[in-house]
Amino acid sequence: MSGATNGVSDVETLQHEVKYRTRLQDICNKIYAALNLDDIIINLKDEIRSLFEAERITIYYVDGVKREIVSRFKSGDEIDEIRLPINNASIAGYCVFKKSLLNIRDVHDSKELAAIDPNITFDASWDRKTGFITREMLVVPILYKTYLLGAVQLMNRKNSEVFSSKDEENLQEIAKIIGIALYNQKRIARSKKGKFDHLLENHIMTQKELTEAERLAREAVEPVEHILISHFKIPKGDVGEAMAKYYHTSFVEFNKTMPIPGELLEGLKVPFMKNNFWVPLRSEENRVIVLVDDPHDAQKMGQINVLFPRRKVEAFVAFREDIIDYINLFTQDEKEQSSIDEIISQLADEEEEIEEAESGLSEESSAVVQLVNKIIIDAYSRGVSDIHIEPYPGKQNTQVRFRTDGACSIYQTIPYQYRAAIVSRLKIMCDLDIAERRKPQDGKIKFRKYGGLDVELRVATVPTQGGMEDVVLRILAAGEPIPLEKMKFSKRNYDRFSEMIRLPYGIIFVCGPTGSGKTTTLHSALAKINDEERKIWTAEDPVEITQRGLRQVQVTPKIGFDFAAAMRAFLRADPDVIMVGEMRDRETTQIGIEASLTGHLVFSTLHTNSAAESITRLLDMGMDPFNFADAVIGILAQRLVRTLCSECKESYHPSQDEYDELVREYGGQDAFDKLLGIEYTDDLILNRPKGCEMCSNTGYRGRMGLHELLEGTDEMRKLIQTSARMEELRKQAEADGMTSLKQDGIAKIFEGYCDLIQVRRVCIK
């Protein structure tokens, strides 16, 4: 009886096995034969789950861009998407990372997980989010040869049984078939390129989402890429990369600092460019680079080619809205003044013959006036500090460059015929001699009476090779002083400098090259001590920053009213504090030292490279060492360094070599340990530039000060009295607590404000 029973049991087992194998083979055949793997797996995922008597299934695909696995198909709809990093921190992530099968009896058993890898954990928050309690788990990687494509995950065997070794073998077989089918599908897809294949291949979006985006684009009569960015929140850079791969060209995003290609815009009509979504970007030797929304549009490219005869046209791709932004940037300012192409066309109309253009074109021409005004208005709106007009001899075009945050970039090029008229126009605006082209001239423009903006510009003309004249315009930064607390001083420098500026008498110097923020720092110091009890006189050239309570004087050297004359006048006007814009000669410096010794607090600037060098420079000018030693309170050397963009700067863990390089640059391990004391650990974080729209994709936005503060201590005074060498002065300053400019910069690197590249650009030692 028992034998018969066993016989029936064996038959049933055999039948069950045959049925199981048949179902398994059917699933594998359907996957292998599928033209669209996504569609077939949507239909088969529940069949696979049922075959293994599992409660839930998840199929992950690899997101190569983010190095994650993302759930492509899964049971349950409590969560839209699961993303896990490819590492040993999670069960599925470990499986893919190690390319090995995992069969877990109880995911909540930390000992079982630790036996596999000490770092593996099960994130119980998934169970709390879904209400599904996970117990058993079987995960198999999806591979094709050496290619890692994803993973299949089963959860909770019915009747609380563990997944068997046979389950492991059969799930591996299914994963292998999925891997072959997935690889073949990608290979076929690569041979039939679609515009957004890059997004599909890297699992940035699904085919279903792309189909929906195409439908929405048709209904809204908008480009698909606009829908992908606005509706599906696909990053702009990913969509652009997909377009670049499809068109086999470069993708260009809008950058408000892009140079204006003045010579390429001549004769082009703005409506024509806007209606056809294209714009010239720049010229490179005999090539013209243009931006278009569709480089495969043969008719459009044919029309563009006709506009640039005898030159090769190369098309880059861009979004339509970016092309429109470029057209507006290149042709108009915020106040809708005449476009560049209209101005250039007007200039061309006014010249009789191209060879006689320079002599026949008037600097009073309305087109020249508009062009100069546009350059100044655009510079002001972009936060530019200096405008450089750079003509070249012969038939080379004139280049206009803007300096922003200490770095120059090309703003536009202007046809060579108009260089003389533009230079003459600028000379007229600042009342200079337009006939004098052999020697440098200086002047000022009060732009309000020419272009509406209430801004002043300091102008310098310099004769250059070929009978040309360069013009440099400094936009004077009018406005309120920056509070001293926001000047990014180190704690030691802030405390000492604050003490110095409150002393009753003595002299304080701020030194550094042109454009290093010396005057800004002095005005911040004056704002700190500006109250009703103090009478403060300032002599400046020009007066850039105004403060209520200060009596500010503009020096005029042409009439003999220079810094020395201003200081002599101040001493007769009952001052408490005197600020002199610059001590550039012996007389001014001598008066300043005498004033500081007779009970006045004196501030001034020097064009020197370091605090210690300032002392030797002043002694070389003939200052009495004893008087100077008694007078000096402190010398602050300053530089401005470009700071990382706060919107996009990227945090990272530096390598040991990078850390060691910072230590070397600081002055060695002993100095680093003594003054900073930052150890290299796994938690050490620095920042580096990345680039975004806010910083015009440079990674840098704004500047901050680097400082070294030399104190007039008793020991320092003794060295000054003996006219000690600069090296001795520097060593004494360091002994008194001074940190160098580069050391201050490296400290600010560790604080996350800047990087070593920018610190090196402004600090030699």
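**Contacts, aromatic pairs and overall dimensions of the chain**

Not counting residues up to four places away in sequence, Asn 255 touches Tyr 326, Leu 329 and Ser 696. The residue is placed in the loop between helix H10 (236–247) and helix H11 (262–265), and with a relative accessibility of 15% Asn 255 counts as buried. This description, like all that follows, refers to a predicted model.

Two further buried positions were examined in the same manner. Ala 611 belongs to helix H24, which spans residues 611–620, and its relative accessibility of 0% places Ala 611 among the buried residues. When neighbours within four places in sequence are left aside, the contacts of Ala 611 are with Cys 511, Ile 635, Ala 637, Glu 708, Leu 710 and Met 738. For one of these partners, Cys 511, the C-alpha atom is separated from that of Ala 611 by 7.0 Å, although the two residues are 100 residues apart along the chain.

Leu 113 is found in helix H4 (residues 110–116) and, at 4% relative accessibility, likewise counts as buried. Beyond the residues up to four places away in sequence, Leu 113 touches Ile 91, Ile 104, Val 107, Ile 120, Thr 121 and Phe 122. Between Leu 113 and Val 288, which are 175 residues apart in sequence, the C-alpha to C-alpha distance is 61 Å.

Aromatic side chains were considered next. The count comes to 15 aromatic pairs, among them an edge-to-face pair formed by Tyr 659 and Phe 672, with 5.8 Å from centre to centre and 90° between the planes. Tyr 659 is located in helix H26 (residues 656–666) and Phe 672 in helix H27 (residues 669–675), 13 residues apart, and the pair thereby links distant parts of the chain. Both of these residues, Tyr 659 and Phe 672, are buried. Tyr 659 also pairs with Tyr 680 in a tilted arrangement, in which the centres are 5.3 Å apart and the planes enclose an angle of 55°. Because Tyr 659 lies in helix H26 whereas Tyr 680 lies in the loop between H27 and strand E23 (686–688), this pair ties together parts that are 21 residues apart in sequence. In terms of exposure, Tyr 659 has a relative accessibility of 6% and therefore counts as buried, while Tyr 680, at 25%, counts as partly exposed. One aromatic cluster is formed by Tyr 659, Tyr 666, Phe 672, Tyr 680 and Phe 750.

At the level of the whole chain, the secondary structure consists of 31 helices and 24 strands. The radius of gyration is 36 Å, whereas a compact globule of 765 residues would have a value near 27 Å, and the C-alpha atoms fill a box of roughly 130 × 75 × 40 Å along the principal axes. Of the 765 residues in the chain, 49% are buried. Among the contacts with a separation of 6 or more, 64% are accounted for by residues 24 or more positions apart. The exposed area of the chain is about 37,000 Å², of which carbon and sulfur atoms supply 48%. With respect to charge, the chain carries 101 positive and 122 negative side chains, and the centres of these two sets lie 1 Å apart.

Technical notes: Residues numbered from 1 in each chain as written. Predicted model: local features only at pLDDT ≥ 70, side-chain atom pairs only at ≥ 80, totals over all residues. Heavy atoms only, no water. Helix = DSSP H or I, 4+ residues; strand = E, 2+ residues; numbered from the N terminus. Rg over C-alpha atoms; globule rule 2.2 N^0.38 Å. Buried < 20%, exposed > 50% of the residue type's maximum accessible area, 1.4 Å probe, protein only. Contact = heavy atoms within 4.5 Å. Areas by Shrake-Rupley, 256 points an atom, 1.4 Å probe, with all protein chains shown as cover. Lys, Arg positive; Asp, Glu negative; His and termini not counted. Charge placed at Lys NZ, Arg CZ, Asp CG, Glu CD. Phe/Tyr/Trp six-rings, centres within 6.5 Å; stacked < 30°, edge-to-face > 60°.
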